[in-house]
There are 2 protein chains.
Amino acid sequence: MPNTTASASHRFTVDFPHRELLDQVLDKWSLLVLNELCERPLRFGELRQIIESVTPKSLTATLRRLERNGIIERVVLGTRPVAVQYRITPLGKTFRAPVEGILQWAAEQMPLIEQARERFDEDAEEAERQL
Amino acid sequence: MPNTTASASHRFTVDFPHRELLDQVLDKWSLLVLNELCERPLRFGELRQIIESVTPKSLTATLRRLERNGIIERVVLGTRPVAVQYRITPLGKTFRAPVEGILQWAAEQMPLIEQARERFDEDAEEAERQL
DNA sequence: CAGAATCCGTTACGATACTG
DNA sequence: CAGTATCGTAACGGATTCTG
């Protein structure tokens with residue numbers, strides 16, 4: 001359990017308070033879900049279709065977490081074959097820019113990253129050969 | 001928006017090419033490490049002190065991952081009691097703005113998030129009482 | 001339709017001890 | 001100092017089945 005009552009010795013001890021927030025909001029699926037919900041409200045099933053590889057379990061977990069943190073909102077629509085809509089909240093909207101920043105960065109730098117990986121892997125292989 | 005009309009079944013669904021990159025770079029410790037290395041180069045031990053709760057094992061893993069993706073660089077300095085320095089690369093610097101965007105957002109919105117959580121938890125509790 | 005419940009393998013992570 | 005090696009546990013995530 002990461003510290004709570006820390007505030008230990010040296011001055012620059014920055015065990016960030018928002019670490020735990022980021023864990024909740026930058027997890028495996030949140031960015032993708034958020035990215036979609038920023039465009040338009042969506043239903044559970046729609047999200048499943050858009051983000052193919054997510055299982056209902058994980059999707060539920062992600063949505064609940066985002067809801068709990070006030071980033072998205074769960075709205076029950078009809079009452080027949082129950083319909084539920086998820087939509088971004090005002091607070092959630094403030095998160096849009098940062099998220100897009102990250103996603104854009106990833107898209108743009110992808111090629112360079114690939115290159116770096118290849119270099120690294122080659123070097124590692126070679127080093128192994130030395131043994 | 002990356003889409004998906006293609007494969008139907010449950011195999012290697014690549015619904016997002018940078019998903020995997022983000023997993024490597026937005027993991028539990030990377031943001032903190034990055035945030036520090038953006039300020040100045042640091043050594044292994046220094047990072048351990050700054051980020052109190054990280055174990056050597058996890059720190060090594062984080063550093064290796066970032067290095068492999070070309071975000072940081074590992075520099076062996078002396079040769080006596082070996083000294084190693086980690087520093088951000090040019091590619092890594094392009095990541096700085098987005099990362100800070102996220103961190104800033106987290107810091108700013110923290111209070112509202114807390115509020116949202118309390119509301120959510122209270123509601124959940126109450127709903128439970130109904131049973 | 002929207003999810004809850006189960007089972008279960010993989011991985012992540014912490015704690016600790018050890019080495020060049 | 002800068003890690004590696006090992007071990008054990010807890011959490012995550014996937015697949016599947018069930019239900020109001």
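Which residue of chain B comes closest to the rotation axis? The views below take up this and other points.

This is a predicted model: local features need pLDDT of at least 70, side-chain atom pairs count only at pLDDT 80 or more, and totals for chains, interfaces and linings use all residues. Residues are numbered from 1 along each chain as its sequence is written, chains are lettered from A and ligands numbered from 1 in the order in which they are written, and side-chain values use heavy atoms, with hydrogens and water left out.

**View 1. The rotation axis.** P98(B) comes closest to the axis of the residues of chain B, at 3.2 Å (C-alpha). A turn of 180° and a shift of 0.1 Å along the axis lay chain B on chain A with an RMSD of 0.1 Å. The two copies are thus related as by a two-fold rotation axis. Copies are superposed by least squares on the C-alpha atoms of residues with pLDDT of at least 70 in both.

**View 2. The interface of chain B and chain A.** Here 52 residues of chain B are in contact with 54 residues of chain A (contact means heavy atoms within 4.5 Å). The buried area is about 4800 Å², and carbon and sulfur atoms give 67% of it. Buried area is the accessible area (1.4 Å probe) that two parts lose on being put together, summed over both. R68(B), W105(B) and R117(B) supply 15% of the area that chain B buries against chain A, more than any other three residues.

**View 3. A salt bridge between the chains.** The rule finds four salt bridges across the interface of chain B and chain A. In one, the side chains of D121(A) and R68(B) meet at 2.6 Å, N to O. A salt bridge is a side-chain nitrogen of Lys or Arg within 4 Å of a carboxyl oxygen of Asp or Glu.

**View 4. The residues around DNA strand C.** Of the 15 residues around this strand, R43(A), G45(A), R74(A), Y86(A) and K57(B) come nearest. A residue is near a strand if one of its heavy atoms lies within 4 Å of it. Sugar and phosphate account for 75% of the atoms of DNA strand C that come within 4 Å of the protein.

**View 5. Phosphate oxygens of DNA strand C.** A backbone N or O atom of G45(A) lies 2.8 Å from one phosphate oxygen. For a polar side-chain atom of R74(A), the distance to a phosphate oxygen is 2.6 Å. From chain B, an N or O atom in the side chain of K28(B) is 3.3 Å from a phosphate oxygen.

Terms used:
Polar contact = N/O pair within 3.5 Å; in protein donor to acceptor, adjacent residues only side chain to side chain.
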